[in-house]
Amino acid sequence: TFDVDDDDDDDDSPPDLPTRDPEEGDTVFLTWEGDEVEYLCAVKLAKGGGLTVESADGKFTDVLDFDPSSDMWRFSEGNVKTISDKARAKGKTKVASNPNFVKASAAKVVSDSARSSQSLQGLRFVITGIDEVHGTDFGDHVSAIIQSCGGRVTSGVSGVTDYLVAGTIHHNPFMKTYGPIEGGSKYKKAMTCNNCKIIGLEELMDLAMGDEV
């Protein structure tokens, strides 16, 4: 787990806002919540509408939903090839833990029966925040649990979101905000959505095992 929060903060002023939203073919830098590294991404048009992003320099392998109104992003300078070559030449590496390693480890905590039954199939989840145990790996850890059980992880809370899985700390490096999880924009939006339940990691595990939460 990547948003621009609406919180007022006395820290440094945020960067200038872009004059338009990204479109298919654009390249943007994305920042995930709890991870200060910027990832170079290519914007694609999703089947059925909306946008997705893919890594433009191989830093991650997933195709992710992209919501310019809630995700933390900025336009890149130059084209994909130029920036990717520069990144490779510098030997740029991901500061946070390797997402593939985190996901593999997280998937092991789910029982074989939960994985085989795809207990979360048909449910949509959004992840926000970090916690004291997993730190900035919280989002990758939770995402792996959800996906291993057939659930879908999306980037922004909407009317079709079933669950917001929240950590205990709200941290947005882009806007330099940090504090109780209730201060995050995803948490606030989920509070206004009648169909979206807010749960923690422990409740997610219960849900994966087939228990009601």
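## A five-strand sheet and a helix pair

In strand 3, L51 is the bridge partner of L45. That pairing is a good place to enter this predicted model. It belongs to the antiparallel match between strand 2 (residues 38–45) and strand 3 (residues 51–55), which spans 5 bridges.

Let's step back to the whole sheet. Its 5 strands are arranged in the order 4-3-2-1-5, the sheet is open, and the pairing is antiparallel. At the edges you will find strand 4 (64–66) and strand 5 (72–75); each has a single partner strand, so one side of each lacks a neighbour in the sheet. On average, and ignoring direction, neighbouring strands are turned by 45 degrees against each other.

Here are three of the strand pairs side by side:

| Strand pair | Sense | Bridges |
|---|---|---|
| Strand 2 and strand 3 | antiparallel | 5 bridges |
| Strand 1 and strand 2 | antiparallel | 5 bridges |
| Strand 1 and strand 5 | antiparallel | 4 bridges |

Strand 1 deserves a closer look. On the strand 2 side, V28 stands opposite C41, while on the strand 5 side, L30 has W73 as its bridge partner. How many residues of strand 1 (residues 27–31) are buried? The count is 5 of the 5, so the strand is largely enclosed by the rest of the structure. Its residues point two ways: T27, F29 and T31 go one way, V28 and L30 the other, and all are buried.

Back in strand 3, S55 is also worth a visit. With a relative accessibility of 17%, S55 counts as buried, because the cut-off for that class is under 20%. Leaving aside residues up to four places away in sequence, S55 touches L40 and F60.

Now to the helices. Two packed helices are described by the angle between their axes and the distance between the axes. For helix 4 (residues 138–148) and helix 6 (residues 201–208), the angle is about 10 degrees and the axes lie 10 Å apart. The two helices are therefore roughly parallel to each other, and helix 4 passes helix 6 in a left-handed crossing. Which residues make the contact? Helix 4 contributes F138, H141, V142, I145 and I146, and helix 6 contributes L201, L204 and M205. By type, the residues of this contact divide into 7 nonpolar and 1 polar, with no charged residue.

Terms used. Residues are numbered from 1 along each chain as its sequence is written. This is a predicted model: local features need pLDDT of at least 70, side-chain atom pairs count only at pLDDT 80 or more; totals for chains, interfaces and linings use all residues. Side-chain values use heavy atoms; hydrogens and water are left out. Axes are lines fitted to C-alpha atoms, for helices over the stretch in contact, and angles run from 0 to 180 degrees between N-to-C directions. Angles under 35 degrees count as roughly parallel, over 145 as roughly antiparallel, 65 to 115 as roughly perpendicular and the rest as oblique. A crossing is left-handed if the near helix is turned anticlockwise from the far one by less than a right angle, and right-handed if clockwise. Contact means heavy atoms within 4.5 Å. Ala, Val, Leu, Ile, Met, Phe, Trp, Tyr, Cys and Pro count as nonpolar, Asp, Glu, Lys and Arg as charged, and the others, Gly among them, as polar. Two strands pair if DSSP finds at least two bridges between them. Buried means under 20% relative accessible area, exposed over 50%, partly exposed in between (1.4 Å probe, protein chains only).
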